[in-house]
Amino acid sequence: MPRFAANLSMMFNEWAFLDRFKAAADAGFEAVEFLFPYEHPAEQVGLALAGGHLQQALFNLPPGDFAKGERGIAALAGREAEFRAGVETALAYAHETGVKRLHMMAGLADPDDATAQATYRASLAYAADALAPHGIELLLEPINGRDMPGYFLNDFDRAAAYVRESGRANVRLQFDMYHCELIHGDVAGRLRALFPLVGHVQIASANGRHEPDDQGPDYPKLFALLDALGYDGFVGCEYRPRAGTLEGLGWFAPYRRHDPRPDPLDAA
């Protein structure tokens with residue numbers, strides 16, 4: 001049975017960020033992920049995580065100026081020093097959260113541009129080698145052009161090629177089924193083909209990026225496929241609730257964890 005991580009950048013927005021951890025734990029999640037933690041001190045993020053008895057499944061390396069439209073800098077020539085400093089920043093947060101997977105956003109660049117390709121390969125090598133001594137995987141995620149026009153890494157086969165050619169065991173593919181459906185279709189077939197490279201999985205409905213219910217792809221079958229393939233990582237719920245977060249968790253009921261947190265009455 002898959003294990004799910006609530007994406008706190010998209011879910012539980014009814015709470016302030018540091019309060020979302022407890023809300024996710026109370027809803028039955030055993031792990032969380034989010035885009036970026038960097039607006040909050042690393043120690044506070046670690047304490048919020050520990051307070052909910054949660055595991056940190058994933059977050060992203062610093063993306064450049066996200067508020068001004070940047071979507072990563074790994075493929076952007078001239079930003080190498082900033083990228084390397086961002087890796088060090090992410091490692092400080094990894095230390096506080098215990099996360100073992102970090103996603104490297106590529107940025108907005110022509111995927112066929114030789115300079116962007118070379119810059120991306122160099123960023124990949126630097127980040128992977130910096131993370132490896134800490135037991136952390138570097139993840140590459142293709143993102144569809146409808147949600148992120150102009151994104152450098154917009155094809156699953158190209159992403160897989162970068163993973164393979166890196167020659168580094170800690171470089172893996174972030175397989176977001178939502179993006180796969182919009183870019184290629186045939187999520188099940190591509191998951192089977194690329195599964196040996198997969199380090200993390202994410203989900204959302206193809207219609208509106210909402211709850212993984214009846215809007216496609218066929219998530220019950222895909223969850224069964226993950227089990228059949230032997231996937232033992234977390235499945236990130238990177239979707240926007242149609243209404244309230246809690247109101248949209250009907251699909252999650254069969255997977256909700258039995259709360260392992262200490263009962264306050266036990267300490268009385």
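This section describes the nonpolar cores, a run of paired strands, one buried serine and the cysteines of a predicted model.

The largest nonpolar core of the model comprises 84 residues. Within this core, the residues with the most contacts are Phe21, Phe29, Met104, Tyr120, Phe175 and Met177. Helix H4, spanning residues 114–131, gives the most to this core, contributing 7 residues. A second core, separate from this one, has 6 residues, among them Ala5, Ala31, Leu58 and Leu139. In soluble globular proteins, nonpolar side chains tend to be buried together.

Phe175 offers a handy entry point to the strands. Beyond its neighbours up to four places away in sequence, Phe175 touches Phe156, Cys180, Val187, Arg190, Leu191, Leu194, Val198, His200, Val201 and Gln202. One of these residues, Val201 in strand E7, also stands opposite Phe175. Strand E6 (residues 171–176) pairs with E7 in the parallel sense, over 4 bridges. E7 is also joined to strand E8 (residues 234–237) by 3 bridges, and these two strands likewise run parallel. Here the bridge partner of Val201 is Val235 in E8. From E7 the chain passes through H8 to reach E8, a β-α-β crossover that is right-handed. E7 itself is mostly covered, with 6 of its 6 residues buried.

Past E7, the chain enters the loop that leads to helix H8 (219–229), and Ser205 is placed in this loop. Is Ser205 buried or exposed? Ser205 has a relative accessible area of 0%, so it counts as buried, a term that applies under 20%. A polar atom of the Ser205 side chain lies 3.3 Å from the backbone oxygen of Asn207. Leaving aside neighbours within four places in sequence, the contacts of Ser205 are Tyr178, His210, Glu211, Pro212, Gln215, Gly216, Tyr219 and Arg242.

The cysteines complete the picture. A search of the whole structure returns 0 disulfides. Cys180 is in no disulfide, and the nearest cysteine sulfur to it belongs to Cys237, 17 Å away. Why does the sulfur of Cys237 have no bond to that of Cys180? The sulfur of Cys180 is the closest cysteine sulfur to that of Cys237, but at 17 Å it is too far for a bond, because a disulfide requires the two sulfur atoms to be within 2.5 Å. Both cysteines are nevertheless covered: Cys180 is buried, with a relative accessible area of 0%, and Cys237 is buried with a relative accessible area of 0%.

Notes: Residues are numbered from 1 along each chain as its sequence is written. This is a predicted model: local features need pLDDT of at least 70, side-chain atom pairs count only at pLDDT 80 or more; totals for chains, interfaces and linings use all residues. Side-chain values use heavy atoms; hydrogens and water are left out. A nonpolar core is a set of buried Ala, Val, Leu, Ile, Met, Phe, Trp, Tyr and Cys residues joined through side-chain atoms within 4.5 Å. Buried means under 20% relative accessible area, exposed over 50%, partly exposed in between (1.4 Å probe, protein chains only). Contact means heavy atoms within 4.5 Å. A polar contact is a pair of N or O atoms within 3.5 Å; within protein, one must be able to donate a hydrogen and the other to accept it, and residues adjacent in sequence count only if both atoms are side-chain atoms. Two strands pair if DSSP finds at least two bridges between them. A crossover is right-handed if, with the strands pointing away from the viewer, the path from the first strand over the helix to the second runs clockwise.
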